[in-house]
Amino acid sequence: MTSEQGGRSSHQSSQSGGGPSGHGQSNSQGGGVRRRDDSGRERNRSTGRNRTETSPGQRTRVADPARLVAFEVLRAVSADDAYANLVLPARIRKHGLDRRDAGFATELTYGALRAQGTYDAILATCVDRPLSELDPAILDALRIGAHQLMAMRVPTHAALDQTVGLARAVIGAGPSGLVNAVLRKVAAKELPQWIEQLTEGMSDEVKIASIEHAHPEWIVRAMRQALVAHGRDVSEITALLEADNAAPWSISWLCRVWAISPKPSTPASPRASSWPIPRSHPVAIWAAWIASAMAPSACRMPAPSWWPAPWRP
């Protein structure tokens with residue numbers, strides 16, 4: 001019925017006062033015009049519709065390119081046992097990401113992989129079934145969403161909308177509902193609150209460190225044993241795990257850390273005042289370890305005495 005026809009009906013009803021069947025009666029309580037169809041059923045049509053931003057017609061249905069790159073890399077790692085550092089550059093070129101989006105995709109990819117152990121523990125509490133029973137593609141989408149919510153400066157609404165849109169575009173409309181529900185539960189708490197909940201009642205320091213720093217228990221145990229074997233305090237395991245989780249640095253930066261770090265037997269030099277980390281610090285140790293293995297000639301520094309002989313430069 002057109003607005004012109006509706007106007008005539010209302011005008012006619014006001015003149016006639018309505019008939020016994022109620023055709024054309026106005027609704028004195030508001031909410032539009034009360035009408036009855038031919039079968040006598042009452043219809044109450046509102047004069048306007050309130051459409052929200054979350055209406056089905058306005059939901060994100062296209063995958064964001066940067067998030068799509070991260071998703072494809074995680075799928076390659078999970079399904080094909082691929083190396084992320086080899087797959088990621090090719091995906092960035094394939095989707096034509098600019099520098100900003102490429103940086104976002106890189107952090108999202110490596111961040112989700114680095115903290116996968118912690119994120120899986122959080123997701124396990126938000127899903128009504130074992131994670132092993134989830135579609136692997138859905139699980140990878142949840143990991144991407146969890147990293148945005150827990151460790152990146154992405155607004156909650158944007159992380160939810162874009163990740164659900166990714167799932168809807170790549171996996172399907174049905175799974176996107178599950179992704180939306182689970183990620184809303186994840187977003188209800190900050191990462192420290194989740195870790196506190198997950199480690200509540202635990203007494204095993206290895207398990208606690210495994211959850212807090214997203215390392216498998218066997219790696220945490222091996223690092224603790226390595227510290228003891230080299231006469232180090234076991235309490236340094238926290239700094240060691242934090243350094244291992246830090247974003248990758250360039251070789252030149254690693255060389256600089258080692259070069260300006262004062263030796264334990266000498267006072268700190270003026271050159272080291274801008275970075276007063278002794279060479280015994282876990283960060284400096286890892287700098288020497290990684291840099292001496294990857295670019296010994298560029299760093300021009302001797303390999304640490306504890307470096308395994310087969311790989312010593």
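The buried residues of helix α8 are covered by elements that include α5 (116-126), α6, α7 (156-170) and α9 (191-199), in a model that is predicted. Within α8 itself, the residues that are buried are Ser176, Val179, Val182, Leu183 and Val186. These five span an arc of only 130° around the axis, which places them on the same side of α8, whereas Ala173, Gly174 and Arg184, on the other side of the helix, are exposed. The length of α8 (residues 173-186) agrees with expectation, because 14 residues at 1.5 Å a residue should span 20 Å and the end C-alpha atoms are 20 Å apart.

Helix α6 also packs against α4, as tabulated here.

| Item | Value |
|---|---|
| Helix α4 | residues 99-114 |
| Helix α6 | residues 136-151 |
| Angle between α4 and α6 | about 105° |
| Distance between the axes of α4 and α6 | 9 Å |

Since angles of 65 to 115 degrees count as roughly perpendicular, α4 is roughly perpendicular to α6. From α4 the contact draws on Phe104, Glu107, Leu108, Gly111 and Ala112, and from α6 on Arg143, Ile144, His147 and Gln148; by character, the residues of this contact divide into four nonpolar, three polar and two charged.

One residue of helix α5, Asp120, deserves a separate description. Is Asp120 buried or exposed? With a relative accessible area of 16%, Asp120 is buried, because buried means under 20%. Leaving aside residues up to four places away in sequence, Asp120 touches Leu131, Leu139 and Arg143, and Arg143 is also one of the α6 residues that make the contact with α4.

Definitions and conventions
Residues are numbered from 1 along each chain as its sequence is written. This is a predicted model: local features need pLDDT of at least 70, side-chain atom pairs count only at pLDDT 80 or more; totals for chains, interfaces and linings use all residues. Side-chain values use heavy atoms; hydrogens and water are left out. Axes are lines fitted to C-alpha atoms, for helices over the stretch in contact, and angles run from 0 to 180 degrees between N-to-C directions. Helices (H or I, at least four residues) and strands (E, at least two) are DSSP runs, numbered from the N terminus. Angles under 35 degrees count as roughly parallel, over 145 as roughly antiparallel, 65 to 115 as roughly perpendicular and the rest as oblique. Contact means heavy atoms within 4.5 Å. Ala, Val, Leu, Ile, Met, Phe, Trp, Tyr, Cys and Pro count as nonpolar, Asp, Glu, Lys and Arg as charged, and the others, Gly among them, as polar. The expected span of a helix is 1.5 Å times one less than its number of residues. Buried means under 20% relative accessible area, exposed over 50%, partly exposed in between (1.4 Å probe, protein chains only). The arc is that of the directions from the helix axis to the C-beta atoms.
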